[in-house]
Amino acid sequence: MSSGFSGGVPDFFTAGGRSTSRNSGFNSNLNAEQQFPFPPPLPGIMLEPAGQIRRPNFIGKRSLADFQQQSQQGLGFYLRNVKLRPNYQHASVPSISPEVSPISNSMNSRYGIPIVQQHRLQQLTLPNRNVNNLCTSFCSPNLAGNDGNFNTGTGLPGSGSDVFGYEAEKKMMSHRLQELEKELLGDDDNDGEAASGVTSSEWSETIQNLIAPCNQKSISLSPSSSSSSCCSTSASPPIPCTRQSFVDAAAAISDGNLESAAEILTRLQRVANPRGTSEQRVTAYMVLALKSRMNPTEHPLPVSELHGKEHTVSTQMLYDVSPCFKLGFMAANLAILEVASEQGLHRIHVVDFDIGQGGQYMHFLHALAAKKPDDRRAAVLKITALVDSVSGDEEKLKIVGERLKALADKIDVCLNFSIKNLNFDGLNREELGVEPAEALAVNFAFRLHKLPDESVTTENFRDEMLRRVKGLSPTVMTVVEQDMNANTAPLTVRVRETCEHYGALFDSLEATVPRENPNRVRVEEALGRKMGNSVAWEGRDRVERCEVFGKWRARMSMAGFQPVPMSQPVAESLRAKLNSGTRGNPGFTVNEESGGICFGWMGRTLAVASAWR
């Protein structure tokens, strides 16, 4: 790897380093006085083959005379960089200098060979470059002058454009990283000594920059580049990456160190903004959630808000504007229609445990209306909406039913809508009014995760519900759920999952809904309530208990269900809907995985739709 400069010292990082270059010889452009032939090896010393520069004409064993002749011919053969030994009498390692350090005449008492001092690159002369550029994140500060700018010197040969300077900086970083690799890995010596001839304060700074990327400046070609999204460049203490900071705050809360957690949240509050970027919005809701966990009286997040009218309406808005959730409903509808068609049944009876605003069945009715005239006239859709008598949502469901009936009459589809109280003991085909000629479909759309499982109560309503539904012998059961590990996971894991999942969800909304859309604020407030409940509460008060698809598969299997893979036409139809609805935005993805259809954003799965029988 060439440094990109003509003249100067040879590339010692590639000539004698651990990672050898493809070009094994000297730079032919070097002047004679700039080449530094090294003394030949002493007799009786067997050099390590991995540390030698391999050349095409080096074949077989060579005698001392051969080595001397090759050195006199200027073939550029170097000894490998050797670590300093404790008994090696040597001055402190010189800093980067335009002058090349002389060869030390000191002898190593153990091997009896000269130790070659570490040669380094000359100062880079980058015109019109400021320290706030790409190189300063990795290079030593002594490359810059007292005024904070790089020394200009003779400048770059030929063109002084930024493109050329950028390539030079990249190569400089590569050299630095090669040396860092050698220092960290070390040589495979027998004595295992850790002393190194390249140790200096600048490498300590480089290591800190690499292991703590959140504290280094953003990489940019512009001298006036701003700091990264998870860093702070103000006079106040730097803000670390927000997600890791939230995990640290959660760990402090779990350990009872509320003062440390409050200090972290105070720093995060500075970058939080419920009307800013997607990351700032997530930060604002997460700060409130953890503050509520620490002091629910001062920062209340009532569980009742999750059952209020505003949350129901804004959640339906989320289902309408988010492609991942909207397509999840469509996948469930298509799975029901496909299974009913395979069995030749035109009458479909859907039992829904959480119908919400009924938005899912508007698409269902349009899908029935798209059938052939004869099939459409024969098709009958019966919907039974189950309601908890304690919640008092019967009046709301009547309004939903009237809206769906009006749409069905308009598009010439037969619809029967009924409401029944949810009762575990009365959950049977007779009470639900299931007829023999009907295809019974049970729909769980974003409902199962709200039921407490064995970690909350011994009654385990989540698994009990699945066993009761299995007793109905449904033709198909559809499940649509968010994909995140937020049920039995400890607080720190739950906080990280919440940040990553809702962070991706907020980013996806940024790509589909304009910021000036008034409904977007309501949608994000609904997501904020879900985030707050998932983090701030425990026990029965924690309603948001999402699980990953793998855990849902295990629960379905224990309840006696088998997966019903969705056909290829269904998957292709969903992809076509996604591309048309998002104008081909590559951030959204539709993947088939273990019998389910996964909908995600930038590699993160947000929702999964699956069918079972």
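**Two helix pairs and two cysteines**

Modeller: Helix H7 passes helix H15 in a right-handed crossing (the near helix is turned clockwise from the far one by less than a right angle; anticlockwise would be left-handed). This is a predicted model, in which local features need pLDDT of at least 70, side-chain atom pairs count only at pLDDT 80 or more, and totals for chains, interfaces and linings use all residues. Residues are numbered from 1 along each chain as its sequence is written, and side-chain values use heavy atoms, without hydrogens and water.

Biologist: Why are H7 and H15 called roughly antiparallel?

Modeller: H7 (residues 278-294) and H15 (residues 491-512), both DSSP runs (H or I, at least four residues) numbered from the N terminus, pack at about 150 degrees with axes 9 Å apart. Angles run from 0 to 180 degrees between N-to-C directions, with axes fitted to C-alpha atoms over the stretch in contact. Angles over 145 degrees count as roughly antiparallel (under 35 roughly parallel, 65 to 115 roughly perpendicular, the rest oblique), and therefore H7 and H15 are roughly antiparallel.

Biologist: What makes H9 and H18 roughly antiparallel?

Modeller: H9 (residues 323-342) and H18 (residues 568-582) pack at about 150 degrees, with axes 10 Å apart, so they too are roughly antiparallel. Their crossing is right-handed, and their contact (heavy atoms within 4.5 Å) includes Leu327 and Leu334 of H9 and Leu574 and Leu578 of H18.

Biologist: How do you know that Cys324 and Cys499 are buried?

Modeller: Buried means under 20% relative accessible area (exposed over 50%, partly exposed in between; 1.4 Å probe, protein chains only). Cys324 has 2%, so it is buried, and Cys499, at 2%, is therefore buried as well. Cys499 is also among the H15 residues that meet H7.
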